[in-house]
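Please take the sequence and the structure below together, and read the briefing that follows with both in view.

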Amino acid sequence: MYKREIIDKLRRMRSEDQSYTDGRILSSVSTKPLNVAIKAYEIFSDTNALDTHVFRSVERLERDIIEWFGKLLKNRKTAGYITTGGTEANIVALFVAKKTYPKKREILVPESAHYSIQRAADLLGLRIKYVPLDRDFRVDVSEIENRINKDTLAIVATAGTSALGVVDPIEEINELCGNIFFHVDAAFGGFVIPFLDSKLRIDFSIENMDSITIDPHKMGLAPIPSGAILFRDKSYLDKLKTSPTYLPSQPFTLSGSRSGGAIAATWATINYLGMDGYRRIVKRCMENTRFLCRELRKMDVNILVEPELNVVGIRPRNLERVWTLLRGRGWNILMDTHSKSLRVVVMPHVTEKVIGEFVRDLREIIQLCL
Ligand SMILES: Cc1ncc(COP(=O)(O)O)c(C=O)c1O
């Protein structure tokens with residue numbers, strides 16, 4: 001095929017999908033990356049972060065990113081690396097947990113945890129004890145306490161659940177840890193909570209928190225693939241070090257070759273936006289979230305939990321029928337089968353205008369379903 005043909009074909013194929021700029025993608029945790037990040041990706045597209053002996057610049061960029069996270073998480077000693085996403089980050093966290101407590105096998109996990117925790121447990125030969133949620137869909141801390149025993153290796157909490165954006169009571173869980181590994185999955189909330197005017201905390205001032213997953217490719221607005229696994233200090237990563245005979249370095253990452261392009265794009269995004277940029281974006285997303293909630297209340301539509309983050313779980317009457325009709329009008333919205341709710345993630349591309357149009361359609365559909 002000629003270059004022109006290839007590009008035309010790819011453009012045609014891509015145009016068959018929806019795009020974030022249409023504004024109709026309501027349940028995604030991704031969004032359109034910034035141009036500066038795409039450019040950065042291009043410049044570094046031939047680099048491999050594994051080959052630090054060749055690409056020292058990538059190593060420096062990654063070190064900068066981890067330092068930036070250190071500021072965000074109020075701990076200069078923060079150590080970690082850029083993963084392919086939240087799934088890999090969660091697997092690595094539990095891998096380190098297992099290395100920390102090699103004789104123990106059980107992990108306590110909220111029923112609302114992301115499925116990657118189950119994947120990690122399967123891979124690592126760990127046993128999950130699921131912990132039920134309270135009425136607000138947060139993990140019930142007393143139920144965690146009841147399940148702790150001498151075989152408990154780790155406790156997992158989520159800061160921004162996949163279905164409803166709920167934040168588990170992290171500070172209360174912290175009290176139970178000490179000799180138990182404590183991992184917080186803030187894949188979604190990690191780029192939201194630090195920029196909110198609220199009491200929520202997910203930084204290393206939570207003294208028993210050992211590790212945290214934060215995904216730049218979600219609310220960090222970086223292009224996929226970019227997750228981050230962050231530990232309290234370097235000693236955690238040392239537990240994963242290997243010494244391949246054919247390499248001059250001692251890799252601690254789960255994957256071997258890693259995209260230097262993704263690291264450069266993440267570096268470009270966080271430096272372009274800076275803490276103030278993220279604060280502005282989060283403020284706008286939260287204003288839009290509140291706007292959506294006000295409009296839903298006017299229609300008497302049930303909102304499952306008062307959103308602390310930019311996620312709204314809605315349960316109209318005739319849920320399935322309403323959902324079908326919304327999709328018929330081009331709204332890409334998903335249903336969570338556990339909480340029986342439609343999930344709107346108010347990402348930056350879900351603007352006030354989009355919400356206005358969505359609410360108008362929803363109102364008409366609800367009338368039709370009466
Ligand atoms: C809370 C949470 N953790 C982990 C993940 C997994 O992230 P990824 O798809 O980047 O692997 C997700 C994905 O939505 C998530 O919501």
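The points below deal with strand pairing, the backbone of some loops, and a patch at the surface. The model is a predicted one, and the statements about it should be read with that in mind.

**Strand E6 and its partners**

- Strand E6 covers residues 211-214, and its side chains point in two directions, with Ser-211 and Thr-213 on one side and Ile-212 and Ile-214 on the other, although all of them are buried.
- In a regular strand, side chains alternate between the two faces of the sheet.
- Strand E5, which is made of residues 181-185, runs parallel to E6 and is joined to E6 by three bridges; within this pairing, Val-184 has Ile-212 as its bridge partner.
- Strand E7, which spans residues 227-231, runs antiparallel to E6, and four bridges join the two strands.
- Ile-212 also has a bridge partner in E7, namely Leu-230, so that Ile-212 is bridged to Val-184 as well as to Leu-230, while being buried because its relative accessible area is under 20%.

**The loop between E6 and E7**

- Leu-221 lies in the loop that leads from E6 to E7, and its phi is near 65 degrees, which is a positive value in a residue other than glycine.
- Leu-221 has a relative accessible area of 5%, and because this is under 20%, the residue counts as buried.
- Pro-225 is placed in the loop between E6 and E7 too, and the peptide bond that joins Ile-224 to Pro-225 is cis, with an omega of about 5 degrees.

**The loop between E10 and E11**

- Lys-340 is found in the loop between strand E10, residues 334-336, and strand E11, residues 341-345, and its phi is near 50 degrees, again a positive value in a residue other than glycine.
- The relative accessibility of Lys-340 is 48%, and because this value lies between 20% and 50%, the residue is classed as partly exposed.

**A nonpolar patch at the surface**

- Met-1, Ile-6, Ile-7, Leu-10 and Met-13 make up a nonpolar surface patch of about 500 Å².
- Met-13, one of the residues of this patch, belongs to helix H1, which covers residues 3-15.
- Which class of exposure does Met-13 fall into? Met-13 is partly exposed, because its relative accessibility of 44% lies between the cut-offs of 20% and 50%.

Note on methods:
Residues numbered from 1 in each chain as written. Predicted model: local features only at pLDDT ≥ 70, side-chain atom pairs only at ≥ 80, totals over all residues. Heavy atoms only, no water. Buried < 20%, exposed > 50% of the residue type's maximum accessible area, 1.4 Å probe, protein only. Patch = residues over 30% accessible without salt bridge, like charges linked within 9 Å, V, L, I, M, F, W, Y side chains within 5 Å. Areas by Shrake-Rupley, 256 points an atom, 1.4 Å probe, with all protein chains shown as cover. Salt bridge = Lys/Arg side-chain N within 4 Å of Asp/Glu carboxyl O. Pairing = 2+ DSSP bridges.
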